[in-house]
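Reader: Hi! Could you walk me through the packing in this model?
Author: Happy to; here it is.

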Amino acid sequence: MMREIFAERPGVARKKHPIYRKLKPFHQVVNEYRPQLHRYLRSKLGNEADVEEIAQESYLRLLRVDMPELIRQPQNYLFRIAANIVHDFYLKQRRQPKFVEFETAIETDVEGEAMSPEDELSCRDAARKLEKIIAPLPAKQQAAFLLKKRDGLSHEEIAKRLGISVHSSRSYVSKCIAHCRMNWEE
Amino acid sequence: MKDRPQHNKKMNRQIIEEAAYWTSCLEDGPLTPQEREAFALWLRGSPDHIKEFLLAQAISKDAEAIDPDQMISVDALLAKADADVIPLELKKYPSPIASSLWTGWITPRAAALAAVLAVALIFTAINLFKTREMVYATLLGEQHSFVLEDGSVVHLNTQSKIRVRYDRNSRAVDLLRGEALFTVAPNPDRPFRVHSGMVTTRAVGTIFNVYLTDKGPEVAVIEGKVNVILLSNQDSAILGMGEKASTTAGGKIETTKIAKPETIAAWRTRQLVFENTPLREIIREFNRYNQTQIRIEGTIKDEPHFSGVFNVDNPDAFLSTLNASDIAVIIRQSDNRIVIRLTPPNHPI
């Protein structure tokens, strides 16, 4: 398993070329490793115990990555590792037919990047739920979050639009994420 | 994989907020090298960090699908914000003279805006005041990393507490408890000082570790130079790379060379490195990280010393080494209490 992870990492020769030193933007990284991992995480937001297992295993594997290498792109490593673990997790479930539920079986087969109709549905459900969760927050926090997430504005643009500082815009968005996490369950 | 309803109750707010912070930082563009290091160390700090980061990331991604038809108007939200605030503020400052003066030429909305601004100013002032002095702490077994406002990075080891006091001309950190590693952002105009017990450590741009042991503070330098001062008599010493300072019973600073400087910060990867270390010190180190507390009973003529690398979370690995030797008996009193009873060595016939 570990070999598999490291095999994907850019070779030494490539690394030296300046163009490869440029780090990938975060959203690109997320999109590359995301589909199955994200689907999994969303389905487990209400069930921490399962995520804990994935996190525990990711943690152990992350400890084995050389520190200088990890510092180069921490997020890439984590997503690659976690995605591999989730993938294994589904494979394992598939090998134990009595535990396979219909839903899981479908999910395991969807490996492509494109969103399946089921995905879109659960994504929309999640978004609607988040919309409800942020409703009681102060209006400016909500506004900053919407402008950032829904409208894709930068913090500078949000700051100008709402008449707040860039720092406040950042802190509002990150507070909203934390609030959603803490209030996911009713 | 059973549901554990109790489990969700003890969500760690601090970790959740840190995870949200890193998630939004990463979305805003590439991190600086210092931030990347802090983030990498934060991830390696605990499986809980990874769990919360993954969940925060999933939430943040899903949030992009909120309100796809743009039904929620930001202007309406803001208008509601004004409406929420105004009545309260007007009630707070009712002055008949002022209102008669104001009503003539200023619309209620502008007056309200002024009130909102005043409140915003007060809050900013409070926030400014707060950031001047921040306290960070870790619980048993926890490790955390923070980027301070000047870009310096602090890694906090288990059961540790620091207070950060920054002003325009100086940067001061009080190590109130435990151990911290500082990667100081260079700024000769604002010296960086760490106060730990009776010892003050001054650095310009450098990486060093401060550990408040029961015998007093220990300062160790990984990179650069620091100046160590003993407050009681102003005894001082300059420490270079791979050097360590501690205080002697006689009230002096004692510097020693560290055989393997790379072990200074081994704790950041949750490792304990012992190099001919006395048993009592080894046990003290394990006890810092674990619910399971180990006690030594009895005395032995020559306290045994051990070398090795152990995971901070796994004292059992060390105990089994100890068990294999014939100098001690390990007694498990309960899940969280272990006693090492020292036995005089069996002399070979």
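Reader: Leaving aside neighbours within four places in sequence, which residues is A:A82 in contact with?
Author: A few basics before the answer. This is a predicted model, where local features need pLDDT of at least 70, side-chain atom pairs count only at pLDDT 80 or more, and totals for chains, interfaces and linings use all residues. Residues are numbered from 1 along each chain as its sequence is written, with chains lettered from A and ligands numbered from 1 in the order in which they are written. Taking contact to be C-beta atoms, placed from the backbone, within 7 Å, the partners of A:A82 are A:L37, A:I54, A:S58 and B:L54.

Reader: Which residues touch the most other members of the largest nonpolar core?
Author: Such a core is a set of buried Ala, Val, Leu, Ile, Met, Phe, Trp, Tyr and Cys residues joined through C-beta atoms within 7 Å. Here the largest one has 103 residues, and those touching the most other members are A:A82, B:L54 and B:V219.

Reader: Which helix gives the most to this core?
Author: The helix in question supplies 9 residues. Helices are DSSP runs of H or I with at least four residues, and strands are runs of E with at least two, numbered from the N terminus. The top contributor is helix 7 (residues 74–95) of chain A.

Reader: Is B:D62 buried or exposed?
Author: B:D62 is in helix 3 (residues 47–62) of chain B and touches residues of chain A, including A:R42 and A:L130. Buried means 20 or more other C-beta atoms within 10 Å, exposed 12 or fewer, and partly exposed in between, with C-beta atoms placed from the backbone. Because B:D62 has 24 C-beta neighbours inside 10 Å, it counts as buried.

Notes: Contact = placed C-beta atoms within 7 Å.
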